[in-house]
Amino acid sequence: MMKKYIIAGVIIALLLCTSVIILIPSTDAYTLDNPLWNGLSIASNEFKLSYTTISELGNIAGNSIVFIIGPCRQPSEYEVEVLKGYVQAGGHLILMDEYGYVNNFIKSLGLNANITGKLLRDPLYFWRSSALP
């Protein structure tokens, strides 16, 4: 009799754990299914965003927009060449980097810009403080 209760308890615990995993959304920063302030779920639903890889950029239409959000390392030479080819073929690229990982890529495009890693400031419309976030 006790064995049945233990098995039932284990099954219920597994079902509860599985439902929690399914029902609680991702909180990873900048992911398409994160509904929090640092997520992209609203934009994903509104604009039908999807993930892609560098190797798939050649198959994307030239009138598309590719976002690189919060890179965690510098792009390799191969990635830089693929991204340059995408941009030169008419693709639109939006870089969102906090630490300057894409500076080499920006220079390879011949642009005179760089990411410094310093705080973004909004002295005109700031809320509580001009230092964001």
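Let me begin with one residue: Glu 79 is buried, with a relative accessible area of 14%, where buried means under 20% relative accessible area, exposed means over 50%, and partly exposed lies in between, using a 1.4 Å probe and protein chains only. Before I go on, please keep in mind that this is a predicted model, in which local features need pLDDT of at least 70 and side-chain atom pairs count only at pLDDT 80 or more, while totals for chains, interfaces and linings use all residues. Residues are numbered from 1 along each chain as its sequence is written, and side-chain values use heavy atoms, with hydrogens and water left out.

Now, back to Glu 79, which sits in helix α3, residues 77-88; helices (H or I, at least four residues) and strands (E, at least two) are DSSP runs, numbered from the N terminus. What does the side chain of Glu 79 meet in a salt bridge? The partner is the side chain of Arg 73, at 2.8 Å from N to O, a salt bridge being a side-chain nitrogen of Lys or Arg within 4 Å of a carboxyl oxygen of Asp or Glu. The structure holds one salt bridge, and of its two residues Arg 73 counts as partly exposed, at 46% relative accessibility, whereas Glu 79 is buried.

The side chain of Glu 79 also has a polar atom 2.8 Å from the backbone nitrogen of Ser 76. Leaving aside residues up to four places away in sequence, Glu 79 touches Ile 54, Arg 73 and Gln 74, where contact means heavy atoms within 4.5 Å.

Let us move to the loop between α1 and α2, the latter being residues 41-47, where we find Asn 34. Is Asn 34 buried or exposed? Asn 34 is buried, with a relative accessible area of 0%, and a polar atom of its side chain lies 2.7 Å from the backbone nitrogen of Leu 36. If we again set aside residues up to four places away in sequence, Asn 34 touches several residues, among them Ser 26, Asp 28, Gly 39 and Ser 41.

Ser 26 lies in that loop between α1 and α2 as well, and, with the usual exclusion of residues up to four places away, Ser 26 touches Thr 31, Asp 33, Asn 34 and Pro 35. The C-alpha atoms of Ser 26 and Leu 36, which are ten residues apart along the chain, are separated by 8.9 Å.

Next, the cysteines. How many disulfides does a search of the whole structure find? The search finds zero, a disulfide being a pair of cysteine sulfur atoms within 2.5 Å. Cys 17 is partly exposed, with a relative accessible area of 49%, while Cys 72 counts as exposed at 65% relative accessibility.

Finally, the protein as a whole. The protein has four helices and four strands, and, read along the sequence, they follow the pattern α-α-β-α-β-α-β-β. Buried residues make up 20% of the 133 residues. Among contacts with a separation of 6 or more, 41% are accounted for by residues 24 or more positions apart.

At the start of the chain, Met 1 lies in the segment before α1, residues 2-23, and Met 1 counts as exposed at 71% relative accessibility.

Definitions and conventions. Polar contact = N/O pair within 3.5 Å; in protein donor to acceptor, adjacent residues only side chain to side chain.
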